Amino acid sequence: MKNLLKIYALSLGFSITGAASAAELCSVNYQTQSDWGGGAQQRVTFTNNGPALNNWNFSWSFVGNETLMSFWNVPSLSQSGKSVTASHSGSVASGGSYSFDFIVNNPSTTLPAEFFLNGINCKTQVGGSSLSSSTTSSQSSSSVASSAAQTSSSVSSAASGASAAWVLDKADSTFSFVTVKKEHVAEVHRFTALDATIDENGWATLAVDLNSVATNIDIRDVRMRDILFETSFLPTLYYRVALDLDAIDAMPVGSTQVQNLNGKLTLHGVTADVGAEVTVVKTSTSDVSVFSKRPVLIGASTFDLTGGVESLRVVASLSSIGNTVPVYFSLELSANSNPSVTAIAVPGAPAAPATLTASFSEGLVDLDWADSSNNETGFLIRRKDASGFWTTIDGVANNVKTFEDILLELGVYDYKIIALNGSMPSNPSPIARVEATDPPDDDPVLVGKSHYESMCAGCHGSNAQGVANIPALNTRRDGAVLESMINTIVNTMPATSPGSCDRACAEAIVAFLDATYWEETGPELSCENPINYGSRQLRLLTRREYQNTINALLGTGFVAESLPGDELVGTFVNNTQKAVTLGTYDQYLMTAEKAAKWSAERNFANVVSCNNSFNQECANKFVNDFMPKAFRRPLDNSEKTIYTAMANGSKTNGDVKAGIQLALEGVLSSPAFIYRHEIGEKNPNNGSLASDAFELTSYEMATWLAYTYTGAPPDAQLWDKAVNGRLRDTNEIRLETQRLVNSAVFKQRLGEYVNAWLATDSLSNVSKDPSVFPNVNFTALIPLFQQELSLFFNDVMLNPQGKFSTLYDANYTYVNGPLAQHYGISGVSGDQFVKVPTTNRGGILANGGFMARWADAREPSPIRRAVRVRGLMLCQDVKDPPANVGNDRDQLAQIHKDELAKPTTTNRRRFELVTSMDSCQSCHQYIINPLGFGLEDFDSVGNPRTIDSMGNVVDASGVLYAPQAWDNSYANTAHQFTGVRDLSQIMAGLYEAQRCVPQTLFRYTMGIGVEDSWRQHGDYVVLDEQEANAYACEIEDLRKTMMDKSPRNMLEEMGVMDTVRFRKPWARASSM
Amino acid sequence: MKQMLFETDTFPRATVSLSVDPELIENLEVSEKALVAVSASVDLHGVNGLIETQLHIQKLSESRIMVKNVTPLIVTGAEYSLEAGIEALKTAANLNVISRAVPVDFVLFYEAP
């Protein structure tokens, strides 16, 4: 342990010891008690060799870049630049010593050498006779001292404050105050979180967590925290006072003493002298009770609280609130015998900003101040207007030296800046005054901020977080309700004086909320390009699309059963990256052959109408009328020549019917048929198109729209528009998407879509244990779960008033008789599905299908649920478990086999146990387990539960960490929730959940993900950065459309996306 | 206050009486304390009132106890017919307002005879 004796004189090359030192004003022992590299705890002891001191200060300069962090055993220790000053109103006798302690950051290896007592250098001689003789230099001891001063920082014991002589018995201590409102209504309030210690030197410190204010009314608690105490900036109250410990020790047990304390109260950015007359009762040899003999009166104006009191009065519509508050306290202290219990360390007060200037121009005030401290954690900006009250405008981070304020009302304003170290303020800066002579430019966000703070924050919270049953305003509102929000404000707000916020005011408030709290938290996008280009591509028809196309062209009845299987990307069928190979071409050829034969047997009904006379004219009709529909575009001349030569019988011995059959076989196996073409052509008439870009033709647009919205080839109307070249016009395309979104087939596709998205289309992959669910016929429930999701999703996505948030927070669902019975919903019978209100289920998360799909036979699977919520609903790329996970899991199962076997071990605990190894924890600790465990209140067959299958009580407390990204910043955002419905409420307000809806749809419709890579055959297709950016921009546009207008509008707008209409030959890399 | 508010000529004394289980006090060790809920009857200004509150009772020695309220009590003028007196005080002191609600805080030490 380093214990460096540092007598200042040694560094000057003097050896002064013993009596000689008494000849100087003060001798100083500056010790580093412990040093942990980045910081050190140090203790200064000085001995006063001069006359007795009263009201002294003691100062020195740090040698390096030390920053004073906290201190104890002295009432004030402040730093300004390198200079440090301790001050005390107490006394030090002549020959007496005083010690105090502090913690610094960035400790220097060289300790201070020069000290001043009351501004006088400690080495000043005070008349000791031996002084002159002491100047004999002793080089050797000097060098010893110097080397000792160059201390290394190898000691690594942790910091600890001074031992506390007395500590607070928190349970029995009280701290109350009484407020009077409306002149005659007095109420008692308490702070519940107190701490107090008395250190060995008799310094008593009381610290009160102002967030713990308890007034018996939730909203009043919040208002006191937010508006009065401003706890987000100033959470702690401190009272520091010197006590005579010896006198307390000397008190007989049972006796009482009255003490007049003169301490310093730090509250709301102000430190002021506050006296208190207290009764001290020695209740045992090791206990004292200290309580207010008479109430301590705290004046609001002393602590800059008058403005807050007035704001409280306005928001609570009170005629008055008293400005002087009596405070009552009763502190029970016990003598401390545990040396590791330390006295409360009070942060050092920063030096006050030395200068402040304010300049006014067009409604805006630019403030500039000097940052005179180096231990500040931030600055408070306070303003005083004509009301005469100081109000806190804002807080800024440490080292910030400027602020821009907006003044909506003309008049004279004063500003002051307070540096803060935690809750410990500096003195205020000098006051700067401006006169607002003209109004601000109408920046609605700044105006809205000011309106919000004066009219809304009292109820909705200073961060729009909502209070009790008053709604939060900090999550994005769907566009459909924005207008009604403005109307609500105009007509009913503020609740205390409706009508005082006009339309411009309401719009400004909404603009402020939008800019401040509804800000996009997604990835930084650069969406400045005039056009977001999609990729030129061919897309192999899926089996479903192939079948639908055959049905449309040949008539229904032929079943294409021997086609190659589809590609599954994520949970969706997606053949965008799939191509016909030599191996699979045979299957297409064989299918084409069978289909052509099947059609020929029906005399090509639907294909070509020849009235059984298979002649040249009929062959021409096939080529000219049928083939363009099959190729979904006009034929070029060589195709016409080749197919005419087939159809007219010249290759089949003059048999035209056989020729048409041969040509049909060729058509159905041709790339023009089995691929959807999204290639485009140059469009010199479109000047904004890049030189290497292509625009989809009307035929290609008809094809894209048809397959996207109906899963089938273009219908008559689309085809007609394609033939007439009308689908390169935004309005024409939009008319078509609006028509298609309204169609029955689209509703069916939406139903299939949501079940594919949530993988509930493969519910038959899971089974349920009949011994746990004896009355559940799970197989019979599967189509009902799917139909429920389908109807619900249709309702939200197609209702013109639909909202994104409903996808998660719906209070209704669709059930028929059997499903209602399974859910325990009464009053529904029969097979017809009806819409029913719900309280314990609703939305795409809290429903039977999703919950059952991601559950095991007996109990839920928290892991799979969490991974699917992240992967499917938040569009996070959830990594696979490490390769050796099986071994670890087996090992853990072995280690914990006794606990796992117990029936009292909950499902939650089981999963905790089998993921408790380090290799698992990197993902499970934050990303998976806390999320999945919070979903434990839905059982394995999709019903809410409080008891698990073994009879144990379910604990569904959970945390959603890091909804925004899979990285190490998870600790930054954590949403706590309990149960599936609670998580649903959170999801309903999450940007990431919003964005995932269009992101998933985009992949579905375009076949390409926005992600820079996605999995396929264990292979990753890597998009060009610009291509990925273009898609991200499109998705963001879709999200905004969904939020500002409606989900339905977003579906309609997908057809006019740039990435659909305009294409580039993006380069793709394929990497293993 | 004596003349206008408390009218001490007529009502020189206010009494607060409450019953505490003597065993409770007897059973306390020295320096031990108990939190008790009490109903105290108050005779003030000729009016009998009732105050429900919590008290800390602590035995300081074999012959001395301390009785202290936990948080201040709020007493209103209306409860003890003090409103007219408050009005009179207000007028006499030329004040805009005097609150009719008053927080009361006390600590009492009792010695065994």
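This is a walk through a predicted model, from chain A as a whole to its contact with chain B and then to some local details. Residues are numbered from 1 along each chain as its sequence is written, and chains are lettered from A, with ligands numbered from 1, in the order in which they are written. Because the model is predicted, local features need pLDDT of at least 70 and side-chain atom pairs count only at pLDDT 80 or more, while totals for chains, interfaces and linings use all residues; side-chain values use heavy atoms, with hydrogens and water left out.

Let's start with chain A. It holds 32 helices and 44 strands, where helices (H or I, at least four residues) and strands (E, at least two) are DSSP runs numbered from the N terminus. Of its 1072 residues, 54% are buried; buried means under 20% relative accessible area, exposed means over 50%, and partly exposed lies in between (1.4 Å probe, protein chains only). The accessible surface of chain A is about 44,200 Å², with 50% of it belonging to carbon and sulfur atoms. That area comes from the Shrake-Rupley method with a 1.4 Å probe, and for residues only the protein chains shown count as cover. Contacts (heavy atoms within 4.5 Å) give another view of the chain: among those between residues at least 6 apart in sequence, 69% join residues at least 24 apart.

Now turn to the place where the two chains meet. Chain B brings 21 residues to the contact and chain A brings 25. Together they bury about 1,800 Å², 63% of it on carbon and sulfur atoms; this buried area is the accessible area (1.4 Å probe) that two parts lose on being put together, summed over both. Two salt bridges cross the interface, a salt bridge being a side-chain nitrogen of Lys or Arg within 4 Å of a carboxyl oxygen of Asp or Glu. You can find a salt bridge between B:Lys33 and A:Asp172, whose closest N and O atoms are 3.3 Å apart. Seven residue pairs are in polar contact between the chains, both residues at pLDDT 80 or more. A polar contact is a pair of N or O atoms within 3.5 Å; within protein, one must be able to donate a hydrogen and the other to accept it, and residues adjacent in sequence count only if both atoms are side-chain atoms.

On the side of chain B that touches chain A, the strands β3 (47-61), β4 (64-69), β6 (101-104) and β7 (107-111) of chain B each supply at least two residues. The residues of that side divide into 11 nonpolar, five polar and five charged. Here Ala, Val, Leu, Ile, Met, Phe, Trp, Tyr, Cys and Pro count as nonpolar, Asp, Glu, Lys and Arg as charged, and the others, Gly among them, as polar.

Over all chains, the count comes to 47 salt bridges, and a few in chain A are worth a visit. A:Glu453 and A:Lys449 meet at 3.0 Å, N to O. Both lie in helix α6 (residues 444-460) of chain A, four residues apart, about one turn of the helix. A:Glu453 is partly exposed at 42% relative accessible area, and A:Lys449 is partly exposed at 23%.

A salt bridge with buried partners joins A:Glu732 and A:Lys721 at 2.7 Å, N to O. This pair links helix α17 (residues 730-741) of chain A, which holds A:Glu732, with helix α16 (residues 716-723) of chain A, which holds A:Lys721; the two residues are 11 apart. The relative accessible area is 18% for A:Glu732 and 6% for A:Lys721.

A:Arg909 and A:Glu899 form another salt bridge, with closest N and O atoms 2.7 Å apart. A:Arg909 lies in helix α26 (residues 907-914) of chain A and A:Glu899 in helix α25 (residues 897-901) of chain A, so the pair ties together parts that are 10 residues apart in sequence. Through shared partners, salt bridges also join A:Asp715, A:Lys721, A:Arg726, A:Glu732, A:Glu736 and A:Arg739 into one network.

Some backbone details round off the tour. A cis peptide bond, with omega about -15 degrees, joins A:Met493 and A:Pro494, and A:Pro494 sits in the loop between α7 (479-492) and α8 (503-516) of chain A. A:Lys182, although not a glycine, has a positive phi of about 45 degrees; this residue is in the loop between β11 (174-181) and β12 (185-191) of chain A.
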